[in-house]
Amino acid sequence: MGFLLQPLPGARSSFHRIARRRALSVARINAAAVAYLDDNGMAKDVRLSVGSIIPRPCRMADAENHLNGVAPDPKTIEEAAHIVSREMIRQSGVRPSTEYKQPAVEGLVRKVLSQVLLSHE
(Lines give C-alpha, C1' and ligand atoms only; values in the text may rest on other atoms or scores of the structure.)
Protein backbone atom coordinates (compact mmCIF):
# COMPACT_ATOMS: atom_id res chain seq x y z
CA MET A 1 0.00 0.00 0.00
CA GLY A 2 1.32 3.43 -0.84
CA PHE A 3 0.70 6.66 -2.60
CA LEU A 4 2.66 9.26 -4.50
CA LEU A 5 2.45 13.01 -4.06
CA GLN A 6 2.87 13.77 -7.75
CA PRO A 7 3.39 17.49 -8.32
CA LEU A 8 1.64 19.36 -11.08
CA PRO A 9 3.71 21.52 -13.45
CA GLY A 10 4.84 24.65 -11.59
CA ALA A 11 4.27 23.08 -8.17
CA ARG A 12 6.74 23.32 -5.31
CA SER A 13 7.49 20.44 -2.97
CA SER A 14 9.29 19.80 0.30
CA PHE A 15 10.14 16.75 2.41
CA HIS A 16 11.72 16.68 5.85
CA ARG A 17 12.17 14.12 8.54
CA ILE A 18 13.29 13.88 12.12
CA ALA A 19 15.58 10.95 12.78
CA ARG A 20 18.02 9.91 15.46
CA ARG A 21 20.95 9.89 13.05
CA ARG A 22 21.51 11.11 9.51
CA ALA A 23 22.95 7.74 8.51
CA LEU A 24 19.91 5.81 9.74
CA SER A 25 17.04 5.67 7.27
CA VAL A 26 14.30 5.19 9.88
CA ALA A 27 12.48 8.47 10.53
CA ARG A 28 10.86 9.30 13.87
CA ILE A 29 8.54 11.72 12.07
CA ASN A 30 8.37 12.84 8.43
CA ALA A 31 6.28 15.24 6.40
CA ALA A 32 5.93 15.96 2.69
CA ALA A 33 4.02 18.74 0.98
CA VAL A 34 3.37 19.76 -2.60
CA ALA A 35 1.28 22.68 -3.87
CA TYR A 36 1.32 25.63 -6.18
CA LEU A 37 0.16 29.21 -6.00
CA ASP A 38 -2.12 30.54 -8.71
CA ASP A 39 -1.68 33.96 -10.36
CA ASN A 40 -3.57 35.58 -7.45
CA GLY A 41 -1.35 33.97 -4.80
CA MET A 42 -3.97 31.44 -3.73
CA ALA A 43 -2.84 27.95 -2.68
CA LYS A 44 -4.02 25.29 -5.10
CA ASP A 45 -3.88 21.50 -5.06
CA VAL A 46 -2.21 21.36 -1.62
CA ARG A 47 -1.14 17.85 -0.72
CA LEU A 48 0.29 17.07 2.70
CA SER A 49 1.40 13.72 4.05
CA VAL A 50 2.91 12.69 7.37
CA GLY A 51 4.46 9.45 8.50
CA SER A 52 5.61 7.74 11.67
CA ILE A 53 3.11 9.61 13.86
CA ILE A 54 0.02 7.57 13.10
CA PRO A 55 -0.52 3.86 12.39
CA ARG A 56 0.19 4.31 8.65
CA PRO A 57 1.28 7.20 6.44
CA CYS A 58 -1.60 9.17 5.01
CA ARG A 59 -2.56 12.48 3.54
CA MET A 60 -3.88 15.10 5.92
CA ALA A 61 -7.10 16.00 4.08
CA ASP A 62 -8.46 18.41 6.71
CA ALA A 63 -5.23 20.42 6.69
CA GLU A 64 -5.14 20.35 2.87
CA ASN A 65 -8.72 21.63 2.72
CA HIS A 66 -7.87 24.37 5.22
CA LEU A 67 -5.14 25.67 2.90
CA ASN A 68 -6.65 25.16 -0.56
CA GLY A 69 -8.08 28.33 -2.07
CA VAL A 70 -6.59 30.76 0.44
CA ALA A 71 -3.67 33.17 0.28
CA PRO A 72 -1.25 31.38 2.62
CA ASP A 73 0.34 33.22 5.51
CA PRO A 74 2.07 32.10 8.71
CA LYS A 75 -1.26 32.05 10.59
CA THR A 76 -2.99 29.66 8.16
CA ILE A 77 0.08 27.42 8.12
CA GLU A 78 0.10 27.38 11.94
CA GLU A 79 -3.59 26.44 11.92
CA ALA A 80 -2.87 23.60 9.46
CA ALA A 81 -0.08 22.34 11.74
CA HIS A 82 -2.53 22.23 14.67
CA ILE A 83 -5.04 20.36 12.50
CA VAL A 84 -2.38 17.72 11.77
CA SER A 85 -1.44 17.29 15.44
CA ARG A 86 -5.12 16.93 16.40
CA GLU A 87 -5.50 14.25 13.71
CA MET A 88 -2.43 12.47 15.10
CA ILE A 89 -4.06 12.35 18.54
CA ARG A 90 -7.43 11.31 17.08
CA GLN A 91 -5.87 8.35 15.23
CA SER A 92 -3.24 7.29 17.77
CA GLY A 93 -4.60 8.53 21.08
CA VAL A 94 -2.60 10.24 23.78
CA ARG A 95 0.55 8.25 24.46
CA PRO A 96 3.71 8.95 26.45
CA SER A 97 5.38 10.06 23.18
CA THR A 98 2.64 12.64 22.47
CA GLU A 99 4.43 15.22 24.61
CA TYR A 100 7.38 15.02 22.20
CA LYS A 101 5.56 14.25 18.95
CA GLN A 102 2.89 16.95 19.06
CA PRO A 103 5.24 19.96 18.95
CA ALA A 104 7.67 18.08 16.69
CA VAL A 105 5.05 17.26 14.04
CA GLU A 106 3.65 20.80 14.20
CA GLY A 107 7.14 22.21 13.63
CA LEU A 108 7.84 19.82 10.77
CA VAL A 109 4.51 20.59 9.09
CA ARG A 110 5.15 24.34 9.47
CA LYS A 111 8.56 23.86 7.87
CA VAL A 112 7.41 21.94 4.78
CA LEU A 113 4.34 24.12 4.24
CA SER A 114 6.33 27.34 4.65
CA GLN A 115 8.90 26.16 2.11
CA VAL A 116 6.16 25.26 -0.36
CA LEU A 117 3.74 28.15 0.18
CA LEU A 118 5.75 31.09 1.55
CA SER A 119 9.24 30.71 0.10
CA HIS A 120 9.89 33.05 -2.82
CA GLU A 121 12.92 31.27 -4.23
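**A tour of the chain, beginning at Ser14**

Select Ser14 first: with a relative accessible area of 8%, this residue is buried, because buried means under 20%. The model on display is a predicted one. Ser14 belongs to strand β1, which covers residues 12-18. Next, show what surrounds Ser14. Setting aside neighbours within four places in sequence, Ser14 is in contact with Ala31, Ala32, Ala33, Val112, Gln115 and Val116. Ala35 may be added to the selection: the C-alpha atoms of Ser14 and Ala35 are separated by 9.5 Å, and the two residues are 21 apart along the chain.

**The whole chain**

Now return to the full view and colour by secondary structure. The chain contains four strands and three helices. Followed from the N terminus, the elements run β-β-β-β-α-α-α. Of the 121 residues of the chain, 38% count as buried. Among contacts between residues at least 6 apart in sequence, 54% join residues at least 24 apart.

**Helices α2 and α3**

Select residues 74-92, which form helix α2, together with residues 98-117, which form helix α3. The axes of these two helices come within 8 Å and cross at roughly 140 degrees. That angle makes α2 oblique to α3. The crossing of α2 and α3 is right-handed.

To see the contact itself, display side chains on both helices. On the α2 side, the contact is made by Ile77, Glu78, Ala80, Ala81, His82, Val84, Ser85, Met88 and Ile89. On the α3 side, the residues are Thr98, Lys101, Gln102, Val105, Glu106, Val109, Arg110, Leu113, Ser114 and Leu117. Sorted by character, the residues of this contact comprise 10 nonpolar, five polar and four charged.

**The nonpolar core**

Which residues touch the most other members of the largest nonpolar core? Select Leu48, Val50, Val84 and Leu113, which hold that place among the 28 residues of the core. At least two residues each are supplied by β2 (29-37), β3 (43-51), α1 (61-67), α2 and α3. The largest share, eight residues, comes from α3. In soluble globular proteins, nonpolar side chains tend to be buried together.

Centre the view on Val84. Apart from neighbours within four places in sequence, Val84 is in contact with Leu48, Val50, Ile53, Met60, Ala63, Val105 and Val109.

Then move to Leu113, which lies in helix α3. Leu113 is buried, with a relative accessible area of 1%. Beyond neighbours within four places in sequence, Leu113 is in contact with Ala33, Leu48, Leu67, Ile77, Ala80 and Leu118. Pro72 is a further point of reference: Leu113 and Pro72 are 41 residues apart along the chain, and their C-alpha atoms are separated by 9.3 Å.

**Helix α1: Glu64 and Asn65**

Is Glu64 buried or exposed? Select this residue, found in helix α1. At 5% relative accessibility, Glu64 counts as buried. With residues up to four places away in sequence left out, Glu64 touches Val46, Arg47, Leu48 and Arg59.

Step on to Asn65, also placed in helix α1. Asn65 is exposed, with a relative accessible area of 54%. From Asn65, the view can be carried over to Asp45: these residues are 20 apart in sequence and 9.2 Å apart in space, C-alpha to C-alpha.

**Strand β3: Asp45**

Asp45 is found in strand β3. What is the phi of Asp45? The angle is near 50 degrees, a positive value in a residue other than glycine. Most residues other than glycine have a negative phi. At 29% relative accessibility, Asp45 counts as partly exposed.

**Last stop: Thr76**

Finally, select Thr76 in helix α2. Thr76 counts as buried at 13% relative accessibility. Not counting residues up to four places away in sequence, Thr76 touches His66, Leu67 and Ala71. Of these, Leu67 has already appeared on the tour, as one of the contacts of Leu113.

Note on methods. Residues numbered from 1 in each chain as written. Predicted model: local features only at pLDDT ≥ 70, side-chain atom pairs only at ≥ 80, totals over all residues. Heavy atoms only, no water. Axes fitted to C-alpha atoms, helices over the stretch in contact; angles between N-to-C directions. Parallel < 35°, antiparallel > 145°, perpendicular 65-115°, else oblique. Left-handed = near helix turned anticlockwise from the far one by under 90°. Contact = heavy atoms within 4.5 Å. Nonpolar A, V, L, I, M, F, W, Y, C, P; charged D, E, K, R; others polar. Core = buried A, V, L, I, M, F, W, Y, C linked by side-chain atoms within 4.5 Å. Buried < 20%, exposed > 50% of the residue type's maximum accessible area, 1.4 Å probe, protein only.
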